[in-house]
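Please open the model in a viewer and keep the selection panel at hand. The stops below are arranged so that each selection prepares the next.

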Amino acid sequence: FHLAKGRDLGFNTVLGFFSKLSSGTGEQVTTRQAFRLGQILPFPEAMTFYYAHVGYYFTQFLVSCSLPLLVFVWLLIILSDCEGVFDDFLGCQPGRRSNSEI
């Protein structure tokens with residue numbers, strides 16, 4: 001069976017396609033038409049328009065930046081040895097007895 005044409009799905013080919021899409025989205029956002037649409041669209045349609053265009057790439061950027069930041073914060077917490085600090089917060093709640101009183 002030969003169902004369809006063979007397509008080159010290498011990394012560079014896919015990267016080139018997505019860079020073409022994102023550059024088109026970047027140019028589209030800077031137009032007056034997008035500005036006018038942002039002024040006249042109701043809120044749900046404006047959010048749909050935003051996420052379907054530049055919002056998708058902004059979300060991808062935030063996700064890709066948040067993971068290394070999360071790992072860095074975890075490493076800071078682990079290396080600072082602050083487990084004793086968290087034990088002090090347990091005694092801050094009124095009416096709660098500490099582990100040493102039990």
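Begin with the surface. Select Leu67, Leu69, Leu70, Val71, Phe72, Val73, Trp74, Leu75, Leu76, Ile77, Ile78 and Leu79: together they make a nonpolar surface patch of about 1200 Å². The model is a predicted one, and the patch should be viewed with that in mind. Within this selection, centre the view on Ile78, a member of the patch that is placed in helix H3, residues 43–80. Is Ile78 buried or exposed? Its relative accessibility is 63%, and because the threshold for the exposed class is over 50%, Ile78 counts as exposed.

Now display the whole chain with a surface. About 9400 Å² is exposed, and carbon and sulfur atoms supply 67% of that area. Of the 102 residues, 6% count as buried. Switch to a cartoon representation: the chain has 4 helices and 0 strands, and from the N terminus on the order of elements is α-α-α-α.

Colour the cartoon by confidence next. The mean pLDDT of the chain is 79, with 73% of the residues at 70 or more. Where in the chain is confidence lowest, and where is it highest? The lowest mean, 61, belongs to helix H4 (residues 83–90), and the highest, 89, to H3.

Proceed to the aromatic side chains. How many aromatic pairs does a search of the whole structure find? The search returns 3. For one of them, select Phe17 and Phe18: the ring centres are 5.7 Å apart and the planes stand at 70 degrees, so this pair is edge-to-face. An angle over 60 degrees is what that class requires. As for accessibility, Phe17 is partly exposed at 48%, and Phe18 is likewise partly exposed, with a relative accessible area of 42%.

Move the selection to Tyr51 and Tyr56. Their ring centres lie 6.4 Å apart with the planes at 80 degrees, so this pair too is edge-to-face. Tyr51 has a relative accessible area of 43% and is partly exposed; Tyr56, at 33%, also counts as partly exposed. Add Tyr57 to the selection, since ring pairs link Tyr51, Tyr56 and Tyr57 into a cluster.

Keep Tyr57 displayed and select Thr25, which lies in helix H1 (residues 11–29). Which residues does Thr25 touch, not counting those up to four places away in sequence? They are His53, Val54 and Tyr57. The relative accessibility of Thr25 is 11%; because buried means under 20%, Thr25 counts as buried.

From Thr25, step across to Val54, whose place is in helix H3. Leaving aside neighbours within four places in sequence, Val54 is in contact with Thr25 and Val29. Val54 is partly exposed, with a relative accessible area of 31%. For a backbone reference, label the C-alpha atoms of Val54 and Gln28: they are separated by 9.0 Å, although the two residues are 26 apart along the chain.

The last stop is Gly24, in helix H1. Is Gly24 buried or partly exposed? At a relative accessible area of 36%, Gly24 is partly exposed. Draw a distance from its C-alpha atom to that of His53, a residue 29 places away along the chain: the separation is 9.5 Å. His53 has already appeared on this tour as one of the residues touched by Thr25, and displaying Gly24, Thr25, His53 and Val54 together brings the closing stops into a single view.

Definitions and conventions
Residues numbered from 1 in each chain as written. Heavy atoms only, no water. Helix = DSSP H or I, 4+ residues; strand = E, 2+ residues; numbered from the N terminus. Buried < 20%, exposed > 50% of the residue type's maximum accessible area, 1.4 Å probe, protein only. Areas by Shrake-Rupley, 256 points an atom, 1.4 Å probe, with all protein chains shown as cover. Patch = residues over 30% accessible without salt bridge, like charges linked within 9 Å, V, L, I, M, F, W, Y side chains within 5 Å. Salt bridge = Lys/Arg side-chain N within 4 Å of Asp/Glu carboxyl O. Phe/Tyr/Trp six-rings, centres within 6.5 Å; stacked < 30°, edge-to-face > 60°. pLDDT = per-residue confidence, 0-100. Contact = heavy atoms within 4.5 Å.
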